[in-house]
Amino acid sequence: MVDTATAWKAIEDKARPTLLELFQAEPDRLSRLTIDEGGIHFDFSKTHLDAGLVDAFAALAESAAIGKARDALFSGQIANPTEGRAAEHTAERGQGAPDSVALAKDLHARMRALIDAIEADALGPIRHVLHIGIGGSALGPDLLIDALGREAGRYDVAIVSNVDGSALEEVFRRFDPAATLLVVASKTFTTTETMLNAESALAWMAESGVDDPYGQVIAVTAAPDRAVEWGVDGTRVLPFTESVGGRYSLWSSIGFPAALALGWDAFETLLEGAAAMDRHFRLAPPVRNAPMLAAFADLYYTVVRKAETRGIFAYDERLRLLPFYLQQLEMESNGKGVKVDGSPVDKPTAAITWGGVGTDAQHAVFQLLHQGTHLVPIEFIATIEPGDALDEAHHRTLLINAFAQGAALMAGKTSDDPARAYPGDRPSTTILLDRLDPSRLGALIAFYEHRVFTNAVILGINPFDQFGVELGKEIAKSIETEGTERFDASTRALIARAFG
Ligand code: F6P
């Protein structure tokens, strides 16, 4: 087995043919660089990965002990050493240490029982669900409900994360407090924004004449004692385990509003779809492993070609929240500057994840992608089965545009007029779902989780901590408690201008 430095050197030293040259040189390119898994077609052929590079990355992954790291992840060993914890999101979908899988099943059963009770009107005639949480305690449920049917079922669900009161007020205007279930979702049950929003929602209920606002509250947390102390009855606290990270938590009770709104069967199917992707990630060889190939392309562009960002464009309106979800998953996980052993990283880590929806983005940001000076690897995500019932021209136009953009980025176009020339050779990956349903969405999200993990293992970083978010929180608290003296002139002046 080669060491990591030698494996990287082999990758850096490789020739750099263009994408069009690669297609000519490798007649079997499509079959080697496309993978069908769980109703999803992954096409990596428009990246610069070629047979030699894939083998070189597989050797690099081996030198980084990816197999051992993956086994450790799935068997509940410490995968998050800076916090001394396992990372057991896969146990939520039945893929993990037996004890953790059993515990996850018990907690899911508890969640299901509460959903049954709510459906039987045990908490009153609930029609509205106000889910309050932020980051991983909001982005996942929001994505699931938006993608799989916000209007489905008997509940109107609103997910509020921002501490800006305008977000809550908008919901207060729409919802009937007597028919509202308030879900307070926070792993730690200490997050300032969530606790303030939850207090304000309770006050809104009380001021609107609800006799027992706490009777309409569900807490979703890994700190059940804090939720009880805050006033939620223990029977309405849905715990999840500390070893499930916030941005990996939609499979746990954090997914409660999705399970309620979409139905328990849909939630279970989501878990099964993710489990199938877990098995693929564990068992497929690196050269046929979708999350690994995706990570190889990520590393190639960030480390070798120095791409600073990665653009994700959903050519499916139902997946419009996916770029936001992935921003947290990718950047909070891998936006790190030190390795697991504390030494500084010697390579760029996560690209900046950004994106939008097609075709809108074509008329706004694609100019830069086609002719700008930045290299931006692009990901197109589309669905073959339409999500709408309009004339098929809509969906056909949507898909053709997604495919045309990938082709245009790769082929480019020469012109005597430099302003009208397209350099081409710009990489993209296409992810094509045969249809959008809970199983495929589960598989898709799990694909991204394992891609992030593979990137982290090869870079030697811990994808499961997030200390970088703490300093700003501490400073905000100290401004409230200690005043502004110790801050710089600019910060003091801004505070004085805002608050007098
Ligand atoms: O500040 C970042 C963060 O800790 C995320 O990692 C997390 O998803 C979010 O805040 C919310 O945290 P909690 O679920 O504990 O309220």
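Which residue in β4 stands opposite Leu130? The residue is Ala158.

## Basis of the model

This is a predicted model, in which local features need pLDDT of at least 70 and side-chain atom pairs count only at pLDDT 80 or more, while totals for chains, interfaces and linings use all residues. Residues are numbered from 1 along each chain as its sequence is written.

## Overall form

The protein contains 19 helices and 11 strands, these being DSSP runs numbered from the N terminus (helices H or I, at least four residues; strands E, at least two). Its radius of gyration is 24 Å, which agrees with the value near 23 Å for a compact globule of 500 residues; the radius is taken over C-alpha atoms, and the globule rule is 2.2 Å times the number of residues to the power 0.38.

## The parallel sheet

Five strands form an open sheet with parallel pairing, in the order β4-β3-β5-β6-β7, where two strands pair if DSSP finds at least two bridges between them. Because β4 (156-160) and β7 (237-239) stand at the edges with a single partner strand each, one side of each has no neighbour in the sheet. Strand β3 (residues 128-132) is joined to β4 by five bridges.

Helix α9 (residues 192-207) packs on this sheet and touches β3, β4 and β5 (180-185), its direction making about 150° with that of β3. Contact requires C-beta atoms, placed from the backbone, within 7 Å, and the angles, which run from 0 to 180 degrees between N-to-C directions, use axes fitted to C-alpha atoms, for helices over the stretch in contact.

How values were computed
Two residues are in contact if their C-beta atoms, placed from the backbone, lie within 7 Å.
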